[in-house]
Amino acid sequence: MQTDLVAALDIGGTKIAGALVDGQGRILVRAQRATPAQEDGETVMRAAEEVLNLLTASPLWSGVRAVGIGSAGPVDAGAGTVSPVNVPGWRGFPLVDRVRAVTGGLPVELIGDGVAIAAAEHWQGAARGHDNALCMVVSTGVGGGLVLGGRLHPGPTGNAGHIGHISVDLDGDLCPCGSRGCVERIASGPNIARRALEGGWRPGSDGDTSAAAVAAAARAGDPVALASFERAAQALAAGIAATATLVEPDIAVVGGGVAKAGDVLFAPLRTALKNYATLSFVQRLTVAPAQMGTDAGLVGAAAAALRESR
Ligand SMILES: [Zn+2]
């Protein structure tokens with residue numbers, strides 16, 4: 001019987017994914033439910049319990065030693081609670097206690113989803129072998145996590161590395177977080193699309209106004225689309241440079257839907273980084289695309305649980 005297994009939960013605004021994962025990071029059993037994000041907290045919890053019940057019903061469950069949760073944030077790892085911005089029914093929701101109740105009292109490790117991505121990229125992806133790394137997700141929002149001194153750095157509450165809400169424009173637009181000029185307010189997919197539309201870019205006959213459509217237009221040479229990606233790249237570069245100056249990562253890994261734009265994002269990002277990361281000790285910082293796919297959240301939650309169980 002395998003006895004080095006952990007259970008992983010990846011909780012987001014659209015889906016709740018679960019898995020049983022072995023010590024090498026292989027996913028052996030999967031379960032998934034849509035997140036009833038606009039329902040009350042108990043209804044959301046029932047979806048999470050359905051995922052967990054599918055996992056506990058597996059014949060492999062007896063080998064599970066710990067549970068790892070990567071959740072949309074903010075999370076409070078100390079209190080064991082989550083308050084995902086896009087799941088209004090969960091505010092200070094006692095997720096750790098509720099998961100422990102369903103899983104027979106196993107140890108439960110809670111981290112933010114950005115921290116989970118960093119754990120996954122460090123274990124098996126683009127940050128492998130790097131003792132100091134910043135890993136980011138640029139998507140509907142912008143999140144991130146840190147590896148420092150060879151170890152995941154979740155911080156006291158499990159949210160450290162949340163680069164999306166570093167302000168890079170002092171008098172910039174109000175951000176939903178309450179601050180101004182945040183990286184996310186400039187570089188997220190919806191903001192890339194908004195800025196392109198405001199600049200006069202128009203979608204094709206399919207009406208697609210997503211950041212992916214703006215990326216396609218940029219690739220075809222549309223100057224407004226290119227400018228919107230360049231502005232996003234500037235914001236990301238400023239945030240990465242600030243992080244590099246503070247804690248000296250030698251690699252910044254960038255994933256998420258917006259990173260799928262490839263060179264449309266990475267070329268201006270590398271150029272802008274030269275303008276903002278100027279001191280000698282941050283100049284060797286490299287930028288790399290993420291390597292973990294859609295399982296990054298699960299693998300990262302498993303990494304956190306394995307650390308707990310050892
Ligand atoms: Zn913000």
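This note sets out numbered points on the fold, the two domains, the core and some individual sites of a predicted model.

1. Overall form. The chain is built from nine helices and 12 strands. For 310 residues, a compact globule would have a radius of gyration near 19 Å, and the value of 19 Å for this chain agrees with that. Along the principal axes, the C-alpha atoms fill a box of roughly 55 × 45 × 35 Å.

2. Burial and contact range. Of the 310 residues in the chain, 49% are buried. When contacts between residues at least 6 apart in sequence are considered, 64% of them join residues at least 24 apart.

3. Domain division. The chain is divided into two parts: domain 1 comprises 5-112 + 295-309, and domain 2 comprises 126-289. Taken over C-alpha atoms, the centres of domain 1 and domain 2 are separated by 27 Å. Their contact takes 10 residues from domain 1 and six residues from domain 2.

4. The domain 1 side of the contact. The elements giving two or more residues to the side of domain 1 that touches domain 2 are β5 (75-76) and β7 (108-112). Strand β7 gives the most, with three residues. By character, the residues on this side of domain 1 divide into six nonpolar, three polar and one charged.

5. Strand β7. This strand also merits attention for its burial: five of its five residues are buried. Val108, Leu110 and Gly112 point one way from β7, whereas Glu109 and Ile111 point the other way. This arrangement may be read against a general pattern. In a regular strand the side chains alternate between the two faces of the sheet. Strand β4 (residues 64-71) pairs with β7 in the parallel sense over five bridges, and Leu110 in β7 is the bridge partner of Ile69.

6. The five-stranded sheet. An open sheet with mixed pairing has the strand order β10-β9-β8-β11-β12. Strands β10 (151-152) and β12 (286-289) stand at its edges with a single partner strand each, so one side of each is left without a neighbour in the sheet. Within this sheet, β8 (residues 133-138) and β11 (residues 251-255) pair in the parallel sense over five bridges. Cys135 stands opposite Val253 of β11.

7. The nonpolar core. The largest nonpolar core has 109 residues, and Val6 and Phe229 are those with the most contacts inside it. Helix α7 (residues 223-247) supplies the largest share of this core, 12 residues. Both domain 1 (5-112 + 295-309) and domain 2 (126-289) give residues to the core, so it lies between them. In soluble globular proteins, nonpolar side chains tend to be buried together.

8. Surroundings of Val6. Leaving aside neighbours within four places in sequence, Val6 is in contact with residues including Val21, Val64, Arg65, Ala66, Val67 and Gly68. Its contacts also include Ala302, Ala305, Leu306 and Ser309.

9. Gly172. Where does Gly172 lie? The residue is in the loop between β10 and α4 (183-187). Gly172 has 15 C-beta neighbours inside 10 Å and therefore counts as partly exposed, since a buried residue would need 20 or more and an exposed one would have 12 or fewer. Not counting residues up to four places away in sequence, Gly172 touches Arg180, Gly181 and Arg185. The C-alpha atoms of Gly172 and Ile186, which are 14 residues apart along the chain, are separated by 9.1 Å.

Conventions: Residues numbered from 1 in each chain as written. Predicted model: local features only at pLDDT ≥ 70, side-chain atom pairs only at ≥ 80, totals over all residues. Helix = DSSP H or I, 4+ residues; strand = E, 2+ residues; numbered from the N terminus. Rg over C-alpha atoms; globule rule 2.2 N^0.38 Å. Contact = placed C-beta atoms within 7 Å. Pairing = 2+ DSSP bridges. Domains from an automatic or database assignment. Nonpolar A, V, L, I, M, F, W, Y, C, P; charged D, E, K, R; others polar. Core = buried A, V, L, I, M, F, W, Y, C linked by C-beta atoms within 7 Å.
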